[in-house]
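Me: Please take a close look at one part of this model, the largest pocket, and then at what lies around it. I would like one connected account in plain terms.

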Amino acid sequence: MLGLVLFYVGAVLCLNGLWLLGHIGDNEIAIIDIFVGGITLLASLYLAFGPGADAASINAAALTLLFTFTYFWVALNRSNGADGRGLGWFCLFVAITAVPVTIQTLGGATTTWGVWFGLCWAAWGILWFLFFLLLVGKKPIAKLVGAVTVAEGVLTGWVPGYLLLNGLMK
């Protein structure tokens with residue numbers, strides 16, 4: 001299931017990055033955010049409440065929902081005219097949460113995949129902190145954040161998701 005989720009997280013990050021760079025309109029970007037929010041919501045619900053649910057899968061669901069909620073909030077803000085400050089504060093919550101998750105993931109890593117996943121958490125934490133600076137701090141960094149978002153979409157989502165889906169990474 002991780003390959004499926006990461007593949008579409010890669011898509012939503014790439015497209016949101018292109019949106020921040022001005023290549024996609026406000027009214028159109030909501031479609032991918034709702035779609036990927038739905039996929040990650042379903043995956044999280046299965047992890048938390050499905051037949052094999054345990055403490056580890058519930059933890060994975062809780063962490064995945066951090067991103068699910070972000071995608072839904074981006075979509076909602078495109079239709080309600082909000083300035084994004086509320087979303088920005090939520091992004092700070094995600095960024096702060098990513099710090100201990102990164103440390104824990106890297107500390108427990110025994111494989112290349114484990115190290116890679118820990119580094120992804122660090123990258124996501126930095127990206128969500130950039131979203132906080134952009135939305136709450138009103139820093140003029142939209143182009144930087146857009147470029148970082150596209151890069152992280154490719155490197156932490158799209159490529160590893162594709163590799164996992166095709167059995168090329170384990």
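Reply: In this predicted model, the largest pocket has 22 residues in its lining, and L2, A60, T64, F117 and W121 are the ones that lie nearest its centre. Two or more lining residues come from each of the helices α1 (2–20), α2 (26–49), α3 (55–80), α4 (85–107) and α5 (112–135). The helix that gives the most is α3, with seven residues. The volume of the largest pocket is about 580 Å³. By residue type, its lining consists of 17 nonpolar residues and five polar ones, with no charged residue.

A second pocket can be described in the same terms. The second largest pocket has a volume of about 320 Å³. Its lining has 19 residues, with W19, L20, V74, L87 and L135 nearest the centre. Here α1, α3 and α5 each supply at least two residues. Again α3 gives the most to this lining, with five residues. The lining of the second largest pocket divides into twelve nonpolar, four polar and three charged residues.

Since α3 gives the most to the lining of the largest pocket and also to that of the second largest, its residues deserve a closer look. T68 is part of helix α3. T68 has a relative accessible area of 3%, which is under the 20% limit, and therefore counts as buried. Leaving out residues up to four places away in sequence, T68 touches G37, T40, L41 and S44.

One of these partners, G37, belongs to helix α2. G37 has a relative accessible area of 0%, so this residue is buried too. Apart from neighbours within four places in sequence, G37 is in contact with T68, Y71 and F72. For a sense of distance, G37 and A98 are separated by 61 residues in sequence and by 19 Å in space, taken from C-alpha to C-alpha.

Y71 has its own list of contacts: V9, V12, L13, D33, V36, G37, T40 and W128, again without residues up to four places away in sequence. Y71 also appears in the largest nonpolar core, which has 39 residues; L13, F67, Y71, W124, W128 and V145 have the most contacts inside this core. The helices α1, α2, α3, α4 and α5 each give two or more residues to the core. The largest share, eleven residues, comes from α5.

That leaves α4, which is among the helices that line the largest pocket. The helix α4 has 23 residues, and at 1.5 Å a residue the expected span is 33 Å; the end C-alpha atoms are 33 Å apart, so the two values agree. The buried residues of α4 are L87, G88, F90, C91, L92, V94, A95, A98, V101, T102 and T105. An α-helix has 3.6 residues a turn, so residues three or four places apart point the same way. In α4, the buried residues pack against α3 and α5. One of the buried residues, L87, is also among those nearest the centre of the second largest pocket.

Key
Residues are numbered from 1 along each chain as its sequence is written. This is a predicted model: local features need pLDDT of at least 70, side-chain atom pairs count only at pLDDT 80 or more; totals for chains, interfaces and linings use all residues. Side-chain values use heavy atoms; hydrogens and water are left out. On a 1 Å grid over the protein atoms alone, a cavity is a set of points where a 1.4 Å probe fits but cannot get out, and a pocket is an open set with protein on both sides within 12 Å along at least five of seven lines; lining residues have an atom within 4 Å of a point. Grid points are joined across faces, edges and corners, and a volume is the space filled by probe spheres set on the points. Helices (H or I, at least four residues) and strands (E, at least two) are DSSP runs, numbered from the N terminus. Ala, Val, Leu, Ile, Met, Phe, Trp, Tyr, Cys and Pro count as nonpolar, Asp, Glu, Lys and Arg as charged, and the others, Gly among them, as polar. The expected span of a helix is 1.5 Å times one less than its number of residues. Buried means under 20% relative accessible area, exposed over 50%, partly exposed in between (1.4 Å probe, protein chains only). Contact means heavy atoms within 4.5 Å. A nonpolar core is a set of buried Ala, Val, Leu, Ile, Met, Phe, Trp, Tyr and Cys residues joined through side-chain atoms within 4.5 Å.
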